[in-house]
Amino acid sequence: DLGAHYDSVFGSPGANDNGSGVAATLALARRFAARKTEHTLRFVAFVNEEPPYFLSGEMGSLVYAGRCKAHGDKISAMISLETIGYFSDAPNSQIYPSRVLGAFYPKVGNFIGFVGNVHSRTLLRRVIGLFRKHSKIPSEGAALPWFIPGVSWSDQWSFWKHGYPGIMITDTAPFRYPYYHSGNDTPDKLDYDRFSLVVSGMERVIQDLDKL
């Protein structure tokens, strides 16, 4: 499953959070619509990711993942596209939720991030390896405990709750994006060239995952 939430926080246009993720989901769905695949691919738009539903039982992706579990669906990978359109080459444009992470990862926000929980580390390594094989945009990945701030902040959390492996692809949102959850989250803030490289890279990732 690949998906993105289509709601935005109250008062924000939501161009990056999460219009970017929805646009990428639609673009990828269009590219795979006429293709025959080895596995079932589902492209899903989720509601109720933002407050007051965030990490609650009314979160759209949690309801969806619960129904998948009840139906016995075997989901081998869930990919959440979450705020993926903002990049910066400025020094110290990237921050982290902890000093430990800041010591190991870049301080320039010019990369796309891949984040998973510890249970999803195999999927994370596989996806970022494939992405680096096909895409020229810098990427960083981390499989971290879910309780570290930011790690569970999107729809992949809902799939973790039901035992499915899932990862989030993100520009790291509040740890980079100055207009996060504000009225200034508008389309002119997005870097469409690098955004498109992320989408094209993920198209190749999905192709290769389907063959495994």
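Colleague: Let's start with Ile206. Buried or exposed?

Modeller: Ile206 is buried, at a relative accessible area of 7%. Keep in mind that this is a predicted model.

Colleague: Sure. Which helix is Ile206 in?

Modeller: Ile206 belongs to helix H6. Its C-alpha atom is 8.6 Å from that of Val127, though the two residues are 79 apart along the chain.

Colleague: OK, switching to the sheet. What's the strand order?

Modeller: The order is E2-E1-E3-E6-E4-E5, six strands in an open sheet with mixed pairing. E2 and E5 are the edge strands, each pairing on one side only. From one strand to the next, the twist averages 20°.

Colleague: How many residues of E3 are buried?

Modeller: Five of the five, so E3 is largely enclosed by the rest of the structure.

Colleague: And which residues sit on each side of E3?

Modeller: One side has Met78, Ser80 and Glu82, the other has Ile79 and Leu81, and all of them are buried, so both faces are covered. As a rule, side chains in a regular strand alternate between the two faces of the sheet.

Colleague: How does E3 pair with E1, parallel or antiparallel?

Modeller: E1 and E3 are parallel, with two bridges between them. Gly3 has Ser80 in E3 as its bridge partner.

Colleague: What about E3 and E6, parallel or antiparallel?

Modeller: Parallel again for E3 and E6, over five bridges. Ser80 turns up here too, with Met168 in E6 as its bridge partner.

Colleague: And E4 with E6, parallel or antiparallel?

Modeller: E4 and E6 run antiparallel and are joined by four bridges. Phe114 stands opposite Ile169 in E6.

Colleague: New topic, salt bridges. How many are there?

Modeller: The structure holds seven. One of them pairs Arg42 with Asp1, at 3.3 Å from N to O. Arg42 is in the loop between helix H1 (15-32) and strand E2 (43-46), while Asp1 is in the segment before strand E1 (2-5), so to speak 41 residues away.

Colleague: How accessible are Arg42 and Asp1?

Modeller: Arg42 is partly exposed at 28% relative accessibility, whereas Asp1 is buried at 15%.

Colleague: Which residues are networked with Asp1?

Modeller: Asp1, Arg42 and Asp73 are linked in a network of salt bridges.

Colleague: What does Glu203 pair with?

Modeller: Glu203 forms a salt bridge with Arg31, and the closest N and O atoms are 2.8 Å apart. Glu203 lies in helix H6 (residues 192-211) and Arg31 in helix H1, so the contact ties together parts 172 residues apart in sequence. Glu203 counts as buried at 14% relative accessibility, and Arg31 as partly exposed at 34%.

Colleague: And which residue does Asp89 meet in a salt bridge?

Modeller: Asp89 meets Arg194, at 3.1 Å from N to O. Asp89 sits in the loop between strand E3 (78-82) and helix H3 (99-104), and Arg194 in helix H6, 105 residues apart.

Colleague: Why does Asp89 count as exposed and Arg194 as buried?

Modeller: Asp89 has a relative accessible area of 52%, and exposed means over 50%. Arg194 has 18%, which is under the 20% limit for buried.

Colleague: Now pockets. What's the volume of the largest one?

Modeller: The largest pocket has a volume of about 520 Å³. It is lined by 24 residues, and the closest to its centre are Asp1, Thr40, Leu41, Ser76 and Ala77.

Colleague: Which helix gives the largest share of that lining?

Modeller: H4 does, with four residues. Helix H4 (121-134) and H6 each supply at least two. By class, the lining has 11 nonpolar, six polar and seven charged residues.

Colleague: And what's the volume of the second largest pocket?

Modeller: About 420 Å³ for the second largest pocket. It has 34 lining residues, with Val115, Gly150, Met168, Thr172 and Phe175 the closest to its centre.

Colleague: Which elements give two or more residues to that lining?

Modeller: Strand E4 (112-116), strand E5 (139-143) and strand E6 (166-170).

Colleague: How does the lining of the second largest pocket divide by class?

Modeller: The lining of the second largest pocket has 21 nonpolar, eight polar and five charged residues.

Technical notes:
Residues are numbered from 1 along each chain as its sequence is written. This is a predicted model: local features need pLDDT of at least 70, side-chain atom pairs count only at pLDDT 80 or more; totals for chains, interfaces and linings use all residues. Side-chain values use heavy atoms; hydrogens and water are left out. A salt bridge is a side-chain nitrogen of Lys or Arg within 4 Å of a carboxyl oxygen of Asp or Glu. Buried means under 20% relative accessible area, exposed over 50%, partly exposed in between (1.4 Å probe, protein chains only). On a 1 Å grid over the protein atoms alone, a cavity is a set of points where a 1.4 Å probe fits but cannot get out, and a pocket is an open set with protein on both sides within 12 Å along at least five of seven lines; lining residues have an atom within 4 Å of a point. Grid points are joined across faces, edges and corners, and a volume is the space filled by probe spheres set on the points. Ala, Val, Leu, Ile, Met, Phe, Trp, Tyr, Cys and Pro count as nonpolar, Asp, Glu, Lys and Arg as charged, and the others, Gly among them, as polar. Two strands pair if DSSP finds at least two bridges between them. Axes are lines fitted to C-alpha atoms, for helices over the stretch in contact, and angles run from 0 to 180 degrees between N-to-C directions.
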